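Here are some exercises to work through with the structure open beside you. Try each task before you read its solution.

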Amino acid sequence: MPLSTQLEAGEEQYVLIASLDNARNLSNILKAIQFKDHATFLATSNGIKVTVEDSKCLQANAFIQAEIFQEFSIQEDSVMFRVNLAVLLDCLTIFGGSAVPGVTTALKMCYNGYGYPLTLFLEEGGVVTVCKIKTQEPEETLDFDFCSTNVINKVILQSDSLREAFSELDMTSEVLQITMSPDKPYFRLSTFGNSGSAHCDYPKDSDMMEVFQCTQTQTNRYKMSLLKPSTKALSLSCKVSIRTDNRGFLSLQYMVRNDDGQICFIEYFCCPDEEVGEQEQ
Amino acid sequence: MRCVVATSNVKVLGKALSPLCEFLTLGLGCFLFTPSSSSIMTRGSPGDLEDSGFRCKMGMKSVQTVFKSLSSLDKTVEKCEIDLNPGGNRLVFQLHCKYGITKTHNLSFQESESLQPVFQKDGYGNVLRAQPRLLADTVVHFPPSLEEVNVTVSRERVQFRNHLEDEQDASRMMLTEMSLDADEFESFRVREETGITFCLKELRVRDPAAQSSDIKLQLQCNSSPVYCPPQADTSHDDFLSDDMDSYMIAMETSCGRAEAQPCSTGSDQRREREPVTAACSTRSDHRREREPPVSAACSTGSRQQRGWRRGEEEEELPGTPPQKRFRSLFLVPSSPLLPGSQSGASNQEVLAEASDSDRRNRKRKQQRN
């Protein structure tokens, strides 16, 4: 639907209004899941969930709770729409991406429901910009049916240690293999690249390991191309929880502290790679 | 076979690999670790490695993956172990890092022939000595893509010129010529006018290594391989190392058969060293506290191990890595330039025989020309 045919709305008619004194509290989180152009927004009284999916095998969700916003009002039970994430981020950072100390971009995000564009009022240093971004039909997001009752293995690591391991991953490997076990090697990341295999082992009693709850030895492989985008979320986060369930589905949950010290979460779900390859010792 | 590299040397090992990596992006690097290097401790008797005859070639990119984050190596890595896996088909690099984290790399390799240049240090008629800065300032004027350079040594000057293949038209090429007068050198002894052509890239590899240390450049050439032993500043005797350790660089020679001669071993006296093989260990400035480089020896022979002279008491500490100095680089000329000088494949003595793949590549190159 071209923009000009989308309806104009007055303030009192907005279905969703969300305001932030610092737009970076939203833009930074969204950048961490920006591996595809489009994202689905779901707003409820709890806050906003932004979902990005890839190949029906990977899903990333960013949760920004209502408490993060300086103003948050929603007139319906749930509001859902699809936007071009790249365009949204360009608008949120319209005054420049770099952080100048003491200067923030204020944001007021408004949406009037189906058929209306997403309106952004952005202000910095007295300059106001209004952006209207076309919205699209929301697509049904995947339900990975990942529930805590099916979780077999869980570890929580401090992001610092995992960050280096992820940045050094052999990208010539098609898969990232994750081994979790109550016995050695406890928690292992493996790659199988052109020059050979590489393993990174974290002992269960490592200072970096905050929680270690592994009940069964599980080894699963995930496509490297799917997991590589999660490195962005890892670099923002202070802690990460890694869980696998009885089907080998992977859940990565990142705890992110924003500029004001508030906590947000980013979650990645990934299906295991179906192809069975030979495991190197 | 197993080698353990101590913390302080891990970063240096990674750094020392970097110039080689640049140099050998299309090829393979050749490393030989011997138990005689005291900065690399081995499990098993010193004779094991030599007896087992283990030599291998690995893709540079593979080795680079082990030492990816150079800047954080010394902060995170506590120990590096290098071992052959039980199957004997993988070289295992294991980095023991902080917080109990272990990173293991199982890298594939190829068996390789040994390359051991054999030569006599005193056979050179032309000996030139200068600060490494002089060489750096000279090569920087040549385009980075330039393969080979002609060097003409006369009694008054040394001239560097980019080398043109026969089929290249000089009028269509950018020609660069640099002359260095005799008085720019600290020592300039030319017995006979000589012209040689060799690979500029190899010279560039050596330069960062020399630049990072205080050693001077010495060029010795006839028309046989150019020999570049470093000249240590003898006023700082305390920090001289007697180790003969050095990396080996796989090099191409022009032709012929190498004589099967053992490497000459150096005496262990301080000022008279006879480095035998190409070395590429970088060496930190002895005036500053930095890690000594890790290097590997490629010749047998008796040599005394001297600890790093931080203090008398530390000399005796086992496993304390000694300082290593940049030893020497062999640059093999692809052709002698001046008439009257030794020409023709049959006259030129081959010091380091090429490996099979090098010979095949050369043959292909010759067939194309």
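**Exercise 1.** Work out what percentage of the residues of chain B count as buried, and describe the surface that chain B exposes.

*Solution.* Start with the burial cut-off: a residue is buried under 20% relative accessible area, exposed over 50% and partly exposed in between, using a 1.4 Å probe and protein chains only. By that rule, 53% of the 369 residues of chain B are buried. Next, take the surface: chain B exposes about 17100 Å², with 46% of this supplied by carbon and sulfur atoms. This area comes from the Shrake-Rupley method with a 1.4 Å probe, and for residues only the protein chains shown count as cover. Then count the elements, where helices (H or I, at least four residues) and strands (E, at least two) are DSSP runs numbered from the N terminus: chain B has 7 helices and 18 strands.

Before going on, please keep in mind that this is a predicted model, in which local features need pLDDT of at least 70, side-chain atom pairs count only at pLDDT 80 or more, and totals for chains, interfaces and linings use all residues. Residues are numbered from 1 along each chain as its sequence is written, chains are lettered from A and ligands numbered from 1 in the order in which they are written, and side-chain values use heavy atoms, leaving out hydrogens and water.

**Exercise 2.** Find the strands that pair with β4(A), and decide why β4(A) is largely enclosed.

*Solution.* Two strands pair if DSSP finds at least two bridges between them. On one pairing, β3(A) (residues 47–54) runs antiparallel to β4(A), joined by 8 bridges; A:Thr51 has A:Asn61 as its bridge partner. In the hairpin of these strands, 3 residues lie between them, and A:Ser55 takes a positive phi near 55°. The other pairing is with β18(A) (residues 263–270), antiparallel over 6 bridges, where A:Ala60 stands opposite A:Tyr268. Finally, 6 of the 8 residues of β4(A) (residues 58–65) are buried, so the rest of the structure largely encloses this strand.

**Exercise 3.** Which strand order does the open sheet of 9 strands in chain A have?

*Solution.* Following the antiparallel pairing gives β6-β2-β3-β4-β18-β17-β16-β10-β14. The edge strands, each pairing on one side only, are β6 (79–84) and β14 (209–214) of chain A. From one strand to the next, the twist averages 15°. Helix α2(A) (residues 85–92) packs on the sheet and touches β2 (38–44), β3 and β6 of chain A, its direction making about 85° with that of β6(A). For such angles, axes are lines fitted to C-alpha atoms, for helices over the stretch in contact, and values run from 0 to 180 degrees between N-to-C directions. Contact here means heavy atoms within 4.5 Å.

**Exercise 4.** Is A:Ala39 buried or exposed?

*Solution.* A:Ala39 is found in strand β2 of chain A. Its relative accessibility is 1%, so A:Ala39 counts as buried. Leaving aside residues up to four places away in sequence, A:Ala39 touches several residues, including A:Val50, A:Phe81 and A:Leu85.

**Exercise 5.** How many residues does each chain bring to the contact between chain B and chain A?

*Solution.* Chain B gives 16 residues and chain A gives 19. The two chains share 2 salt bridges, each a side-chain nitrogen of Lys or Arg within 4 Å of a carboxyl oxygen of Asp or Glu. A:Glu168 and B:Lys103 meet in a salt bridge at 3.3 Å, N to O.
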